[in-house]
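Here is a walk through the packing of one protein model, with the aromatic rings up front and a few helices after that. Have the viewer open as you read.

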Amino acid sequence: MSTAAAPVRTLRTGTVLADLLPASRVRDLALVAGGAALTGLAAQLTVPVPGSPVPVSGQTFAALLVGTALGARRGFLALALYALAGMAGVPWFAEAGSGYAMPSFGYVLGMLLAATVVGALARRGADRSVLRTAGTMVLGSAIIYAVGVPYLALATGMTLGQAVAAGLTPFLIGDALKAALAMGALPAAWKLAGRKG
C-alpha cells in the first residue's frame, strides 16, 4: 500500500484588473496618469453640503476605484500624482480647488492611503465578489475619513465632534451608494474579463 504525498499548493501572486493589459512601462505610466486624471475629473462632480466646507464629490469613489483596479503600487502613484499636481496648482481637487491649505485636503491624503490599501486587498481577490468588494469599499472609505476628519478639525478649528458632523455624517448615504456601484461594477468587470476567481 502506497500513500501519495499531497500535492504542494503554491501560492501565486494575484492580479488586479490593470494586469490584464499587456505589461510594459508605458502601460504603467499611462495607468498612473489616467488614474490621476480620472480622480481629478470625478472631483468636479460636486454637490455642496450646507454647513460643511467639504462637498459631496465623485473624487472618493474614483480614488477607491483607481486603487482597486490598478493595485497598491500604481494606485498609490496615481493618487500621489493627483495630490502633488493639485498642491502645485492644478485645479482638479473638488470644486476646481488646488493647494494644501484647504480644509478638505486631509481627504486627499486619506485617499492616497486608501487607494494603496484597497489595491493591496484587490491583489488578494477582494474585488471579485459583491460581498468582498463591499468590505473593501467600506474599509477604504473609513481610511479616508480617519485622515480627513481630524485634518478638517485642525484646519478649521472645529472640535472633533463638529468635524464628524460636518465632514463625515452628511456623506454616509452617498458613500453607501458609491459602494453599491462598486459592488456591481468590479465583480462584473472580472466576469467580462473571464478571470473571476
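Is Tyr 82 buried or exposed? In this predicted model, Tyr 82 has 0% relative accessibility, so it counts as buried.

**The aromatic rings**

A pair of aromatic rings is described by the distance of the centres and the angle of the planes. The model has 5 aromatic pairs. One of them joins Tyr 82 and Trp 92: the centres are 5.3 Å apart, and with 45 degrees between the planes the pair is tilted. This pair ties together distant parts of the chain, with Tyr 82 in helix H3 (residues 72–87) and Trp 92 in the loop between H3 and helix H4, 10 residues apart. Trp 92 has a relative accessible area of 17%, and because the cut-off for buried is under 20%, Trp 92 is buried too.

Zoom out a little and you'll find that Tyr 82 and Trp 92 belong to one aromatic cluster, together with Phe 93, Phe 105 and Tyr 151. Phe 105 is also among the buried residues of H4. Another ring to look at is Trp 190, where Arg 128 lies over the face at 3.8 Å from the ring centre.

**Helices H2 and H4**

Here are the spans of the two helices, C-alpha to C-alpha from first residue to last.

| Helix | Residues | Span | Expected at 1.5 Å a residue |
|---|---|---|---|
| H2 | 12 residues | 16 Å | 16 Å |
| H4 | 19 residues | 28 Å | 27 Å |

In both cases the span is close to the expected one.

How many of the 12 residues of H2 are buried? The count is 11, so H2 is largely enclosed by the rest of the structure. The buried set runs from Gln 59 to Leu 70 and includes Phe 61, Leu 64, Val 66 and Thr 68. The cover over these residues includes helix H1 (25–42), strand E2 (56–57), H3, H4, helix H5 (130–156) and helix H7 (172–193). Just past the end of H2, Gly 71 takes a positive phi of about 95 degrees.

H4 has its own buried residues, including Tyr 107, Met 111, Leu 112, Val 118 and Ala 122. They pack against H2, H3, H5 and helix H6 (160–167). Just after H4 there is again a glycine with a positive phi: Gly 125, at about 90 degrees.

**Two residues to click on**

Thr 68 sits in helix H2 (residues 59–70), and with a relative accessible area of 0% it is buried. Where does its side chain find a polar partner? A polar atom of the Thr 68 side chain is 2.8 Å from the backbone oxygen of Leu 64. Beyond four places in sequence, Thr 68 touches Val 16, Val 118, Gly 119, Ala 122, Asp 127, Met 137 and Leu 186. Val 118, Gly 119 and Ala 122 from that list are also buried residues of H4.

Asp 28 is found in helix H1. Its relative accessible area is 16%, which means Asp 28 is buried. What does Asp 28 contact outside its neighbours within four places in sequence? The partners are Arg 73 and Arg 74. Met 137, one of the residues that Thr 68 touches, is 23 Å from Asp 28, C-alpha to C-alpha, with the two positions 109 residues apart in sequence numbering.

How values were computed. Residues numbered from 1 in each chain as written. Predicted model: local features only at pLDDT ≥ 70, side-chain atom pairs only at ≥ 80, totals over all residues. Heavy atoms only, no water. Phe/Tyr/Trp six-rings, centres within 6.5 Å; stacked < 30°, edge-to-face > 60°. Helix = DSSP H or I, 4+ residues; strand = E, 2+ residues; numbered from the N terminus. Buried < 20%, exposed > 50% of the residue type's maximum accessible area, 1.4 Å probe, protein only. Lys NZ or Arg CZ within 6 Å of the ring centre and 35° of its normal. Polar contact = N/O pair within 3.5 Å; in protein donor to acceptor, adjacent residues only side chain to side chain. Contact = heavy atoms within 4.5 Å. Expected span 1.5 Å × (residues − 1).
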